[in-house]
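The following exercises are to be worked with the sequence and the structure in view. Each task is followed by a solution in steps.

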Amino acid sequence: MDTYHDLISQTFDFPTVDFTVQDNELRFHDIPLMDIVKEHGTPLRLTYLPKISSQIQRAKTWFADAIKKTDYQGTYTYCYCTKSSHFSFVLEEALKNDIHIETSSGFDIHIVRELYRRGKLNKQSYIIANGFKRERYQRHLTELINEGFVNCMPILDNLAEIEYYLDHVTEKCNIGMRLASDEEPRFQFYTSRLGIRYADALPLYEQKIKEDPRFQLTMLHYFINTGIKDTSYYWSELSRFVHKYCELRRVCPTLTTIDIGGGLPIQTSIQPEYDYQYMVEEILRTIKRICAEEGVPEPHIFTEFGIFTVGESGATIYSILDEKLQSDKELWYMIDGSFITNLPDTWALNQRFIMLALNGWEKSYKKIQLGGLTCDSQDYYNAEKHIYQVFLPERKPTDAKPLYVGFFHTGAYQESLSGYGGLKHCLIPAPKHVILDRDADGTLHNWVFADEQDSDSMMRILGYQQ
Ligand SMILES: Cc1ncc(COP(=O)(O)O)c(C=O)c1O
């Protein structure tokens with residue numbers, strides 16, 4: 001009989017550094033997940049904090065090595081894009097690594113102030129403020145700038161935004177401009193709605209920024225929706241952006257920096273798919289080559305990686321409640337949660353995550369589909385990254401233990417998209433959320449960030465309770 005363990009080790013190079021099996025049970029970063037499940041039950045949301053720091057350190061090392069190898073003349077600065085996960089424990093962990101942040105909302109600035117109060121950010125920290133801004137966001141940024149947060153940098157997203165700062169900023173202020181990228185050819189729009197048209201950048205600088213002694217245009221910013229990928233689209237947009245930097249740099253000596261956005265991918269399959277070091281080196285080589293052609297100094301580089309920072313720290317664990325054979329060929333394993341509400345990217349974007357059984361690796365396996373608890377027919381998961389099928393160990397009603405399944409690298413965006421602790425489809429509650437961390441000596445400990453959402457919280461929102 002082929003076991004589930006055989007299937008996984010024959011399909012992938014398994015075990016990996018992050019995933020191993022001991023006594024037929026899965027370990028994630030050497031954490032015996034069944035012990036965690038025994039302690040906390042399911043459905044369960046996990047955040048493994050050390051992975052956040054290690055990801056940041058990996059990226060910093062790739063850039064440091066690439067700078068050395070290519071003799072790149074600029075510096076590299078790592079920012080964390082808060083929208084991928086705003087939780088305090090995520091930001092506190094990320095900020096242990098001498099990094100800065102990128103914001104997207106006026107409410108982010110309340111987080112900035114609290115992190116400043118806790119001593120996690122200081123007045124020199126870069127706050128790269130992106131987004132199309134309502135008055136509230138512009139006001140909060142202006143207050144920071146006027147209070148001496150010297151690296152709080154509004155990134156102009158449209159032509160009118162500068163007017164607010166011209167009217168209200170009293171101190172020296174670094175300004176950035178976001179350029180509107182062209183979308184990928186098969187996208188529904190030609191040019192992104194985010195940012196300023198390429199043709200408007202120079203006139204905006206000359207008419208509104210150049211002569212005002214308070215403002216310096218310091219940074220040019222862009223973001224590519226598809227992320228950093230080795231495609232002709234990515235390289236042509238990067239080149240276009242760097243050429244624009246060179247054009248502006250010639251007339252604007254304060255323009256020293258480019259921000260190449262987020263989009264560094266994470267692993268969504270057990271098999272490594274991405275050559276990070278190569279991509280980082282190629283980015284630097286491209287910028288260097290264009291700057292040399294144009295006779296312009298190589299810019300400092302900022303990135304604002306969201307998913308890369310926090311994605312791989314997350315896991316979501318369900319137990320299989322029961323199975324339903326709905327036709328001769330379609331066997332459903334019903335989970336005690338929902339894809340639509342807990343992992344909305346799987347439903348909205350067809351995002352795949354690493355999916356593995358937590359137990360039962362000694363059993364034979366079965367082709368199944370996973371069904372969520374909402375009544376929506378779209379609440380299912382039936383394909384992996386590498387294959388249009390899903391396999392899990394066989395289960396029997398007489399089994400002493402339920403079967404558990406884990407989705408891994410789910411740490412970014414899922415709560416940002418589905419909301420947290422509010423009302424969800426079919427009143428599916430937010431799962432219990434447990435944080436895993438290690439002491440300096442490596443000892444694992446965990447604490448409950450939030451219990452499973454209760455009925456009172458929903459009844460209050462719905463107006464049935466005070
Ligand atoms: C301006 C900007 N920067 C950074 C990011 C982070 O992207 P990622 O999470 O893919 O790194 C986003 C995501 O939407 C973004 O809009």
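**Exercise 1. Determine how the shell around the ligand divides into nonpolar, polar and charged residues, and state which residues are closest.**

Step 1. The shell consists of five nonpolar, four polar and four charged residues. In this count Ala, Val, Leu, Ile, Met, Phe, Trp, Tyr, Cys and Pro are nonpolar, Asp, Glu, Lys and Arg are charged, and the others, Gly among them, are polar.

Step 2. The ligand is surrounded by 13 residues, of which the closest are Gly263, Glu304, Gly306, Ile307 and Tyr413. A residue is near the ligand if one of its heavy atoms lies within 4 Å of it.

Step 3. The model is a predicted one, in which local features need pLDDT of at least 70 and side-chain atom pairs count only at pLDDT 80 or more, whereas totals for chains, interfaces and linings use all residues. Residues are numbered from 1 along each chain as its sequence is written, and side-chain values use heavy atoms, with hydrogens and water left out.

**Exercise 2. Identify atoms of Lys83, Gly263 and Glu304 that lie close to N or O atoms of the ligand, as polar contacts (pairs of N or O atoms within 3.5 Å).**

Step 1. For Lys83, a polar side-chain atom lies 3.3 Å from an oxygen atom of the ligand.

Step 2. Gly263 contributes a backbone N or O atom, 2.8 Å from an oxygen atom of the ligand.

Step 3. For Glu304, a polar side-chain atom is 2.6 Å from a nitrogen atom of the ligand.

Step 4. The ligand taken alone exposes 390 Å², and the protein buries 85% of that; these areas come from the Shrake-Rupley method with a 1.4 Å probe.

**Exercise 3. Is strand S5 (residues 76-81) largely enclosed or left open, and which strands pair with it?**

Step 1. Six of the six residues of S5 are buried, so the strand is largely enclosed by the rest of the structure. Buried means under 20% relative accessible area, exposed over 50%, and partly exposed in between (1.4 Å probe, protein chains only). Strands (E, at least two residues) and helices (H or I, at least four) are DSSP runs, numbered from the N terminus.

Step 2. Tyr76, Tyr78 and Tyr80 are buried on one side of S5, and Thr77, Cys79 and Cys81 on the other.

Step 3. S5 pairs with strand S12 (residues 300-305) in the parallel sense over five bridges, and Tyr78 has Thr303 as its bridge partner there. Two strands pair if DSSP finds at least two bridges between them.

Step 4. Strand S6 (residues 100-103) runs parallel to S5 and is joined to it by three bridges; in S6, Ile101 is the bridge partner of Tyr80.

**Exercise 4. Describe the sheet formed by S1, S2 and S3, and examine the loop between S2 and S3.**

Step 1. The three strands form an open sheet in the order S1-S2-S3, with antiparallel pairing.

Step 2. Strands S1 (19-22) and S3 (31-32) stand at the edges with a single partner strand each, so one side of each has no neighbour in the sheet.

Step 3. Asp30 belongs to the loop between S2 and S3. Its phi is positive, about 65 degrees, although Asp30 is not a glycine. Most residues other than glycine have a negative phi.

Step 4. With a relative accessible area of 47%, Asp30 is partly exposed.

**Exercise 5. Where are Pro15 and Pro43 placed, and what are the omega values of the bonds from Phe14 and Thr42?**

Step 1. Pro15 is in the loop between helix H1 (4-11) and S1; the peptide bond from Phe14 to Pro15 is cis, with omega near 5 degrees.

Step 2. Pro43 is in the loop between helix H2 (33-40) and strand S4 (44-48); a cis peptide bond with omega of about -5 degrees joins Thr42 and Pro43.

How values were computed
A polar contact is a pair of N or O atoms within 3.5 Å; within protein, one must be able to donate a hydrogen and the other to accept it, and residues adjacent in sequence count only if both atoms are side-chain atoms.
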